[in-house]
Amino acid sequence: MENFFESAKEKFTQLTENATQLFNKDVIGSLKDYSIDKINEAWSQIENSSGVFQRTGYSITSIEINLAIPPAFELSLDQEKIISEAEI
């Protein structure tokens, strides 16, 4: 009976390791792909908005990226000029 439990324990350990490896590959890979897609999407939005910032008198002084799930961006802006009501 002791051999049975030892054998079962070894199989369980092996299955756990295999499942962990598969989980890590599949889940981590999916999360990585998701994060990269979100970073690229956000970066495109920032690039596309840079002209709007300039036209409204602001410039981007720094961009902080938090590589979390989902990733987060924080922009620091500096007001270079005050625009008129007509320009708004």
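The paragraphs below lead through this structure, from its overall plan to a few single residues.

The model is predicted, so local features are described where pLDDT is at least 70 and side-chain atom pairs count only at pLDDT 80 or more, while totals for chains, interfaces and linings use all residues. Residues are numbered from 1 along each chain as its sequence is written, and side-chain values use heavy atoms, with hydrogens and water left out. The term pLDDT stands for the predictor's confidence in each residue, on a scale from 0 to 100. For this protein the mean pLDDT is 77, and 72% of its residues reach 70 or more. Confidence is lowest in helix 1, with a mean of 73, and highest in strand 2 (residues 72–79), with 88. Where pLDDT is low, the predicted coordinates should not be read in detail.

The protein has 1 helix and 2 strands, and from the N terminus on its elements follow the order α-β-β. Helices (H or I, at least four residues) and strands (E, at least two) are DSSP runs, numbered from the N terminus. Strand 1 and strand 2 form a hairpin, with 5 residues between them. They run antiparallel and are joined by 8 bridges; two strands are said to pair if DSSP finds at least two bridges between them. Within this pairing, I60 stands opposite L77 in strand 2, and I65 stands opposite F73 in strand 2. In a regular strand the side chains alternate between the two faces of the sheet.

How much of the protein is covered can be expressed through relative accessible area: a residue is buried under 20%, exposed over 50%, and partly exposed in between (1.4 Å probe, protein chains only). Of the 88 residues of the protein, 9% count as buried. The protein exposes about 7,400 Å², of which carbon and sulfur atoms supply 55%; such areas come from the Shrake-Rupley method with a 1.4 Å probe, and for residues only the protein chains shown count as cover.

Contacts, meaning heavy atoms within 4.5 Å, show how parts of the chain meet. Among contacts between residues at least 6 apart in sequence, 38% join residues at least 24 apart. One residue to look at here is S35, whose place is in helix 1, and S35 counts as buried because its relative accessible area is 12%. Leaving aside residues up to four places away in sequence, S35 touches A68, I69 and P71. S35 and P71 are 36 residues apart in sequence, yet their C-alpha atoms are 6.2 Å apart in space.

P71 also appears beside N66, a residue of strand 1, since N66 touches P71 and A72 when residues up to four places away in sequence are not counted. With a relative accessibility of 44%, N66 counts as partly exposed. N66 and I39 are 27 residues apart in sequence and 9.8 Å apart in space, from C-alpha to C-alpha.

On the surface, W43, I63, I65 and L67 form a nonpolar patch, with about 370 Å² of accessible area together. A patch is made of residues with over 30% relative accessible area and no salt bridge, where like charges are joined within 9 Å and nonpolar side chains (Val, Leu, Ile, Met, Phe, Trp, Tyr) within 5 Å. One of these residues, I65, is found in strand 1 (residues 58–66), and I65 is partly exposed because its relative accessible area is 38%.

Which residue forms a salt bridge with K38? The partner is E41, and the closest N and O atoms are 3.7 Å apart, which fits the definition of a side-chain nitrogen of Lys or Arg within 4 Å of a carboxyl oxygen of Asp or Glu. The structure holds 1 salt bridge. E41 and K38 both lie in helix 1 (residues 2–55), 3 residues apart, or about one turn of the helix. E41 counts as partly exposed at 41% relative accessibility, and K38 counts as partly exposed at 32%.
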